[in-house]
Amino acid sequence: MGSLATMAVPALADGSGAGGAAAPGSTTAPAQSTQPAPQPAQGDPSGGVEYGNDSQAANTPQTPLVSGYTAKILPSGLAAAPTAAPASVQRAIWAANRIIGRPYVYGGGHNAHFSGRGYDCSGTVSYALHGASLLGTPLDSSSFMHWGQAGRGTWMTIWTNPGHAFLIIAGIRLDTSSAGDPSGKRGPRWRPVARVTRGFHARHPVGL
């Protein structure tokens, strides 16, 4: 939640400047996995169950997988979770898929159900973390500055300041800002990793 910052974007290595994980020695893009996707346990809050019939996602599998350590943005705009990632990381990606393409709405998602017609920056990050059972109440971008552990994580890094927050997860970026994204579209979307992180605090979920 907060005004979006528009910043120049340098070319960053995939995940090297924003907490993304990469397979040691990996030089090729992972191939699409054909194995069945692991499913969340019964009763596990997904953070997005109520949007199961969303028009953006109605005809697209919500739990795609790709082999390896790095998530992949699909032509549909959704993301495939890496098979090597912990289950909580996969669930966060699949939860975020349910709100991709929704409009930017200031304050969106900041309620007990993480629901909304659209989402703001911190509402988007909160939604993904809630989908992984890592967050019980939505937080604004200032609150994220004190959440979890300081520094970059192995699988997830929240970059946050009083005006904006975004998430790097398994080497891809979940952000409502179009900084560094040629599409120029606002609202919750998977985007190229590269963007300036100067002025942001890095936080990550404990153990991830």
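A salt bridge here is a side-chain nitrogen of Lys or Arg within 4 Å of a carboxyl oxygen of Asp or Glu. With that in hand, here are some notes on the charged pairs in this predicted model.

1. Let's begin with the tally: the structure holds three salt bridges. As general background, side chains of opposite charge can pair when their charged atoms come close.

2. Take Arg173 and Asp175 to start. Their side chains form a salt bridge, with N and O 2.9 Å apart. Is Arg173 buried or exposed? Arg173 has 0% relative accessibility, so this residue counts as buried. Asp175, at a relative accessible area of 1%, is buried because the cut-off is under 20%.

3. Asp175 also pairs with Arg195, and here the closest N and O atoms are 2.8 Å apart. Asp175 sits in strand 7 (residues 172-175), while Arg195 belongs to the loop between strand 8 (189-191) and strand 9 (201-204), so this salt bridge ties together parts that are 20 residues apart in sequence. Both Asp175 and Arg195 are buried.

4. Put those two pairs side by side and you get a network: salt bridges link Arg173, Asp175 and Arg195. When you look at the model, Asp175 is a handy place to start, as Asp175 pairs with Arg173 and with Arg195.

5. There is also a salt bridge between the side chains of Arg191 and Asp181, at 2.7 Å from N to O. Arg191 is in strand 8 and Asp181 in the loop between strand 7 and strand 8, and the pair links distant parts of the chain, ten residues apart. Arg191 and Asp181 are both buried.

Technical notes: Residues are numbered from 1 along each chain as its sequence is written. This is a predicted model: local features need pLDDT of at least 70, side-chain atom pairs count only at pLDDT 80 or more; totals for chains, interfaces and linings use all residues. Side-chain values use heavy atoms; hydrogens and water are left out. Buried means under 20% relative accessible area, exposed over 50%, partly exposed in between (1.4 Å probe, protein chains only). Helices (H or I, at least four residues) and strands (E, at least two) are DSSP runs, numbered from the N terminus.
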